[in-house]
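Here are my notes for your reading of this model, arranged as numbered points. Please keep the coordinates open beside them, since each point is meant to be checked against the structure.

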Amino acid sequence: MDLPEFDALAEPLRQKSAASEAEFGFALIEGHTATADEIATAERRMAVILPQKYKTFMMRHGGGAFGFIELFPITASPERYGNELCTVNDHEFPDRDFVAVAPVGTGDHWGFPVTNGRCHDEVWFRFHDAGDDELVAPDFLHFVAIHGLRP
């Protein structure tokens, strides 16, 4: 999936988010965006290369709530300190064989397997209690479309 196709799918959620924020003060998309420099800093800190579609999404849409999923922001925000990408992965996956990008809510994570310091494009479900990981999407945009934009 490319970004224009994803943006077309996400447009109804953006409209609902704006209406929800105006009416109730609660947005469905939080949009803690990151700059290219902030992403590069995170990559250096974690010693990995993140997938391009993920980086583009984080610059355009950002972390935090995105419909039905929560994405770890690249940089900490005051209300979520310690719950950003690097801190979560430093704590949960310090060996860097996996980079978690979203919590499942059960102690499990969605994220990217890592080989030789490079994240795979595919998004996988990683069980916290040593199960077999499961492929959930061929790339990050597919993952967000499936899990964040549920009807």
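Which residues is threonine 33 in contact with, leaving aside its neighbours within four places in sequence? The first point takes up this question, and it should be read with the caution that the model is predicted.

1. Threonine 33 lies in the loop between H1 and helix H2, the latter covering residues 36–46. Once its neighbours within four places in sequence are left aside, threonine 33 is in contact with Glu38, Met58, Met59, Arg60, His61 and Gly62. With a relative accessible area of 39%, threonine 33 is partly exposed. As a reference distance, the C-alpha atom of threonine 33 is separated by 24 Å from that of phenylalanine 125, and the two residues are 92 residues apart along the chain.

2. Helix H1 spans residues 3–24, and its 22 residues reach 29 Å from the first C-alpha to the last, which is close to the 32 Å expected at 1.5 Å a residue. The helix nevertheless carries a kink of about 45 degrees at alanine 10, shortly before proline 12. At the start of H1, a side-chain oxygen of aspartate 2 comes to within 3.0 Å of the backbone nitrogen of glutamate 5, while just after the helix glycine 25 takes a positive phi of about 75 degrees.

3. The buried residues of H1 are Leu3, Phe6, Asp7, Ala10, Leu13, Ser17 and Ser20, so that alanine 10, the site of the kink, belongs to this buried set. What covers these residues includes helix H3 (52–60), strand S1 (64–66) and helix H5 (140–148).

4. Strand S4, residues 109–115, is largely enclosed by the rest of the structure, because six of its seven residues are buried. Five bridges join S4 to strand S3 (residues 98–103), and these two run antiparallel. S4 is also joined by three bridges to strand S6 (residues 123–126), again in an antiparallel arrangement, and by two bridges to strand S5 (residues 118–119), likewise antiparallel.

5. Individual positions help to fix the register of these pairings. Histidine 109 in S4 is the bridge partner of proline 103, tryptophan 110 has phenylalanine 125 in S6 as its bridge partner, and valine 114 stands opposite cysteine 119 in S5.

6. Two of these pairings are hairpins, and both turns deserve a check of the backbone angles. S3 and S4 form a hairpin with five residues between them, where glycine 105 in the turn has a positive phi of about 105 degrees. S4 and S5 form a hairpin with two residues between them, where asparagine 116 in the turn has a positive phi of about 50 degrees.

7. Which residues other than glycine take a positive phi? Among them is asparagine 116, with phi near 50 degrees, and another is arginine 96, with phi near 60 degrees. Their settings can be set side by side: arginine 96 lies in the loop between helix H4 (85–92) and S3, and counts as buried because its relative accessibility is 14%; asparagine 116 is found in the loop between S4 and S5, and is exposed, with a relative accessible area of 81%.

8. Histidine 109, which lies in strand S4, is buried, with a relative accessible area of 7%. Not counting residues up to four places away in sequence, histidine 109 touches Phe72, Val88, Glu92, Phe93, Phe98, Ala100, Ala102, Pro103, Val104, Trp124, Phe125 and Arg126, a list that includes its bridge partner, proline 103.

9. The structure holds 12 aromatic pairs. One of them is formed by tyrosine 54 and phenylalanine 112, an edge-to-face arrangement with 5.5 Å centre to centre and 75 degrees between the planes. This pair links distant parts of the chain, since tyrosine 54 is in helix H3 and phenylalanine 112 in strand S4, 58 residues apart. Tyrosine 54 and phenylalanine 112 are both buried.

10. Both rings of that pair also belong to one aromatic cluster, which is formed by Phe6, Tyr54, Phe57, Phe66, Trp110, Phe112, Phe125, Phe127, Phe140 and Phe143. Within this cluster, Phe6 is one of the buried residues of H1, and Trp110 and Phe125 are bridge partners.

Conventions
Residues numbered from 1 in each chain as written. Predicted model: local features only at pLDDT ≥ 70, side-chain atom pairs only at ≥ 80, totals over all residues. Heavy atoms only, no water. Helix = DSSP H or I, 4+ residues; strand = E, 2+ residues; numbered from the N terminus. Expected span 1.5 Å × (residues − 1). Bend = angle between axes of the 7 residues up to and from the residue. Buried < 20%, exposed > 50% of the residue type's maximum accessible area, 1.4 Å probe, protein only. Contact = heavy atoms within 4.5 Å. Polar contact = N/O pair within 3.5 Å; in protein donor to acceptor, adjacent residues only side chain to side chain. Pairing = 2+ DSSP bridges. Phe/Tyr/Trp six-rings, centres within 6.5 Å; stacked < 30°, edge-to-face > 60°.
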